[in-house]
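Reader: I'm new to this one. Could you walk me through how to read a few of its features?

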Amino acid sequence: MYIQYPTSNYAQDQESRYQISGRYKIRTMFRERELVWGIAIILGIQGDSCYAEKNFEIRNQIGRSASPIDFSYNGVIKLSGLLGVSLPDSVGEGVIVDCAPTDPTIECRVYGDFANATITTSVDNCARVEWSSTYARRLEDCFNVGSGDYIYGGSETLNQYWPVNADKKNENPYITSDFLGGYEFGDLLENYWLFSKGAAVHVDEENPLFVTDAYPYDKRDVLTLKYTVCTGDNVKTVHQANFNKFYQKPTGLPDQTMLIRPLWSTWAQYKTDVNQSIVLDYANQVMSRGFELSSHIEIDDKWEPCYGQEEFDFNKFPDPAEMVSQIKAMNLRVTLWIHPFINFGCDLFTTAVNDDYFMKDQKGKAAITSWWAGSNAGVIDTNNERAVTWWRARLERLRTEYGIDSFKFDAGEVNWLPYSRSLEGNQDLAPNTYTTKYIEAIAPFGGLVEARVGRLSQEHPIFVRMLDKLSHWGYDAGLKSMIPTALLFGILGYPFVLPDMIGGNAYGDWPTKELYIRWLQVNVFMPAIQFSIVPWDSHFDDQTIEICIKILSIREQYKDEILIAANQAVADGTPINRPLWWVDPTDSETFTVGQEYMLGENILVAPVVEEGATTLDIYLPIGNWRSGVTNLTYVGPGWLRNVDAPLDIVNFYIKE
């Protein structure tokens with residue numbers, strides 16, 4: 001089962017309902033295996049009785065099995081759609097059966113011997129929809145997104161928008177994946193969607209959201225489709241009232257220094273060409289160039305002689321302990337890049353095979369996979385406690401022997417797993433359970449941990465990194481995707497966002513001075529800052545260094561606001577960076593503002609994301625807003641037109 005935002009073609013007579021700006025159509029579908037169902041539910045006002053008042057109504061269409069449904073709150077429709085879209089017309093409209101004679105909030109429908117549907121109203125303005133079938137190969141319910149309706153949530157993707165309406169999807173498995181490899185969905189994804197009129201949809205994680213015949217889910221004797229639809233007064237209140245029913249809050253803060261001060265990674269600047277002298281020079285340059293207030297140095301790819309050996313290459317790093325000691329003397333910490341693979345040819349490969357530390361295939365043998373740095377490799381089975389204990393012990397040795405503080409963990413997506421695999425545990429949660437277990441395995445290494453995946457792992461107080469960004473301006477993993485990605489992470493319950501490297505990863509073109517500076521300005525009030533390409537690089541100039549120091553001084557000035565917002569995230573799950581509709585969810589203008597964001601309750605950030613632009617239009621929601629640049633105060637709601645934004649200026653406003 002999966003959710004899709006493609007062009008809709010399932011009912012021509014509904015076509016006008018899906019038009020967005022007269023240019024394209026969007027539909028949201030829930031699919032499981034290969035059966036599709038559509039249903040309409042109306043949520044009404046709740047009473048004080050033991051049972052909720054029945055709050056749904058299914059309106060059959062003569063000659064069709066699919067039925068329109070509306071979800072309402074206080075008599076206002078918040079979401080509408082179709083139930084049973086993929087049911088063959090031959091099964092009919094469904095017969096209502098009295099499955100709960102003492103509970104008027106439950107309605108059951110039987111579609112011959114083909115399928116059954118149960119719809120239950122609860123007292124919290126939610127409705128539960130449950131389908132089951134032993135014959136169906138596909139279950140699908142569809143929800144309409146019409147003009148003026150907007151969707152938020154779902155998954156990190158290559159083309160990241162806020163709202164997600166513009167990101168039309170082809171049918172694909174709804175699994176954690178590396179979207180740079182051509183997959184539709186990314187490293188962080190949850191079965192949760194918000195609708196701007198005031199509705200939220202959560203799909204049970206046991207449902208296989210997918211499109212292919214078998215891979216990546218196991219076959220099931222009974223196909224089920226289960227989800228919950230909740231409604232509220234507006235998009236903010238429905239989210240606040242319902243998100244924590246399905247997901248946990250962070251149990252604490254990650255490293256506070258990393259929250260407010262930048263880290264420096266060797267990756268984009270040096271790629272795999274790193275050694276002890278380069279790392280020491282890198283750290284010394286950070287200190288001598290005016291960036292003394294920094295968190296740590298992250299030693300990235302190719303510090304080990306064989307991928308997965310998890311030992312320093314002593315030809316490149318003759319004395320790692322001394323290197324780490326010198327860096328720490330500069331008041332910096334040190335982290336290492338780690339991945340869950342061991343390449344064939346590494347000494348540890350045989351050990352992992354013999355001791356059953358690798359994920360197994362369906363025949364119980366060590367399964368071989370490929371990844372971006374190896375065509376034949378095993379992957380640590382994070383569902384195997386013995387394997388996790390062994391892996392953690394090896395990483396702990398790096399900390400005790402060399403003084404490493406923590407780790408940057410790469411991969412963790414389902415797409416890197418062997419095609420034939422056997423995952424322990426609840427098979428209904430597979431294969432995404434691998435990602436959940438991966439985070440459980442690495443989180444104990446503390447608040448400096450960074451991962452790039454997330455799936456039912458919101459409770460861990462670690463940083464979750466955006467997948468690799470490209471050094472260009474666009475929505476396709478470029479600068480314009482930064483704010484939409486940060487907002488997505490927050491809405492999905494991952495507040496400790498680690499934006500990718502300033503200027504992108506330089507896969508091909510090097511970032512221009514303008515792109516590099518605008519990137520840092522976008523990042524200025526996000527939960528962390530990560531440098532790699534250095535401001536003193538030969539592609540830039542002295543002004544680049546000066547502007548970067550100026551931007552970081554703004555962050556330092558408002559560091560307490562970052563920590564206040566982070567603590568609120570722990571207290572109640574509120575995102576650190578919030579969409580503008582968080583200020584006023586009744587203001588429809590805020591629904592489509594995708595290149596501004598809030599830090600906590602009081603700071604609105606409006607950076608430049610257009611190449612060559614030195615002015616921009618800025619929307620201010622309701623309230624009095626004092627410019628952090630000019631100190632002038634403006635009254636919202638309304639647009640400020642042609643606001644000055646030269647290269648050394650990032651516009652932000654403090655709510656008074």
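**Strands and cores**

Author: Sure. This is a predicted model. Let's start with a pair of strands: β5 (residues 76-83) and β10 run antiparallel to each other, joined over two bridges.

Reader: Which residue of β10 is the bridge partner of Gly 81?

Author: That's Phe 143.

Reader: Where do the side chains of a strand point?

Author: In a regular strand, side chains alternate between the two faces of the sheet. Here, Arg 138, Glu 140, Cys 142 and Asn 144 point one way from β10, while Leu 139, Asp 141, Phe 143 and Val 145 point the other way.

Reader: Is β10 (residues 138-145) enclosed or open?

Author: Buried means under 20% relative accessible area. Eight of the eight residues of β10 are buried, so the strand is largely enclosed by the rest of the structure.

Reader: And Cys 108, buried or exposed?

Author: Use that cut-off again: Cys 108 has 9% relative accessibility, so it counts as buried. Cys 108 sits in strand β7 (residues 106-111). Leaving out residues up to four places away in sequence, Cys 108 touches Val 95, Ile 96, Val 97, Cys 99, Ala 117 and Thr 118. Its C-alpha atom is 9.2 Å from that of Gly 94, which is 14 residues away along the chain.

Reader: Which residues touch the most other members of the largest nonpolar core?

Author: Trp 391, Phe 409 and Phe 525, in a core of 146 residues. Beyond four places in sequence, the contacts of Phe 409 include Ile 338, Trp 391, Tyr 438 and Phe 445. There's also a second, separate core of 30 residues, with Ile 69, Phe 114, Phe 185 and Leu 189 among them.

Methods. Residues are numbered from 1 along each chain as its sequence is written. This is a predicted model: local features need pLDDT of at least 70, side-chain atom pairs count only at pLDDT 80 or more; totals for chains, interfaces and linings use all residues. Side-chain values use heavy atoms; hydrogens and water are left out. A nonpolar core is a set of buried Ala, Val, Leu, Ile, Met, Phe, Trp, Tyr and Cys residues joined through side-chain atoms within 4.5 Å. Buried means under 20% relative accessible area, exposed over 50%, partly exposed in between (1.4 Å probe, protein chains only). Contact means heavy atoms within 4.5 Å. Helices (H or I, at least four residues) and strands (E, at least two) are DSSP runs, numbered from the N terminus. Two strands pair if DSSP finds at least two bridges between them.
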